[in-house]
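Here is a set of short questions about labels and the cut-offs behind them. Each answer sets a value against its rule.

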Amino acid sequence: MKIAVLGGGNGSFAAAGDFALSEHDVRLWRRDADQVAAHRDAGSRIVVKDHNGRHDVKLTMVTTDIAEAISGAELILCPAPAFAQPDIARLLAPHLRDGQVVFLPPATFGSMIFAQAAREAGNQASASFAETGTLPWLTRKHGPFEVAITIRAKRLPVGVFPLDQAPHALEVIGRAFPDAIEPCGDALSGALMNAGPIIHPPLIVMNAGPIEHFERWDIHKEGTQAAIRRVTDALDAERIAVREALGYGAPHFPLAHHYAREGEIWMYGLGSHDRLTDSGDWRERIVLTEHRYMREDLRLGLSLLVSVAALAGVATPLAKAFLAIGGAVCGEDFVQGGRTLETLGLGKLGKAELQTLLRNGF
């Protein structure tokens, strides 16, 4: 199938390389003209490293022209960080066509940002927008055009906007991720599956000292201790309580399953935490005031959770606490400057009205 991948980070390169490895027709779009030129000079190739070795794959196209990249594409995948979504959505909006599926893995309710951008651009094409709970790959770039994939996702709970287009959207996404897609309802349900705002805020806030002391620190290895895990589980309980209050059913993909070696299979499968830490790729330098764990997962992800929890009538003391501490670290007000139902233009809707919008679209 024809797939357009948007962005130039770890997730985008993993997506482009892995789709090309599966013999899809892949077009990669990114805004950096110098990097695009260098990639073309290198033959528009990506080296994918996984448990089966090294694979040199060629992309159909590498371009700075987003209209060219998505022309004829059935699936448009954008794994860029949530804070990059508004700009990319505005660039993409005029060019969407009937039947195209925009998939955001994950998105912090970014599906609404992309859908609203198309509406504001006057584009009446029947496109659909979907998001899931995690990036489909545990991955890190090892060079300008080389990416290491430690794990591929086994289960991807996917929510679709508008929900009445879910059968088509899930069929298209399912062809790119065979046997991995699990419908979880509407786009807000998909947003409330996002693992990033649950796993990363406790790890960076409660490890702030060693993160700033050591040149490189693995928050998932030495940084994951029993006390932090207890806090993570408590924060995840707030997320699940919000899902239940809004009527979303199980499975809720509790983060505890990510750490388990037996039992219920989580998004990356059993033993994924051990494989992540064994790779060594997450022993890295983290600048707390700049890293996406802070700017995306904590600032945007938890502000969304707190906002939706207020609509659902659920208390979220831990989410609010991490927002306050993260904001103090960065010298900002993360509550006022985050992503909320109000900043998404949905603040005046009650639960029933929001659910109607999510089901039927604008």
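The questions below cover rings, burial, a charge over a ring, an annotated domain and cysteines.

This is a predicted model, in which local features need pLDDT of at least 70, side-chain atom pairs count only at pLDDT 80 or more, and totals for chains, interfaces and linings use all residues. Residues are numbered from 1 along each chain as its sequence is written, and side-chain values use heavy atoms, with hydrogens and water left out.

Q: What makes Phe19 and Phe177 an edge-to-face aromatic pair?
A: Rings of Phe, Tyr and Trp (its six-membered ring) pair if their centres lie within 6.5 Å; planes under 30 degrees apart are stacked, over 60 edge-to-face, the rest tilted. Here the centres are 5.5 Å apart and the planes meet at 70°. The pair is therefore edge-to-face. The whole structure holds 7 aromatic pairs.

Q: What parts of the chain does the pair of Phe19 and Phe177 link?
A: Distant ones: Phe19 is in helix 1 (residues 10-21), and Phe177 is in the loop between helix 6 (166-176) and strand 12 (181-186). They are 158 residues apart. Helices (H or I, at least four residues) and strands (E, at least two) are DSSP runs, numbered from the N terminus.

Q: Why is Phe19 called buried?
A: Buried means under 20% relative accessible area, exposed over 50%, partly exposed in between (1.4 Å probe, protein chains only). Phe19 has 2%, so it counts as buried. Phe177, at 9%, is buried too.

Q: Why is the pair of Trp266 and Tyr268 called edge-to-face?
A: Their ring centres are 5.8 Å apart and their planes stand at 65°, so the label applies. Both residues are buried.

Q: How do you know that Lys141 lies over the face of Phe13?
A: The rule asks for NZ of Lys or CZ of Arg within 6 Å of the ring centre and within 35 degrees of the ring normal. Lys141 lies over the Phe13 face, at 4.0 Å from the ring centre.

Q: Why is helix 13 described as largely enclosed?
A: Of its 21 residues (292-312), 18 are buried, so the rest of the structure largely encloses helix 13. Gly313 follows, with a positive phi near 75°.

Q: How do you know that Cys78 is in no disulfide?
A: A disulfide is a pair of cysteine sulfur atoms within 2.5 Å. The nearest cysteine sulfur to Cys78, that of Cys184, is 19 Å away. The count by this rule is 0 disulfides. Cys78 is buried, at 1% relative accessible area.
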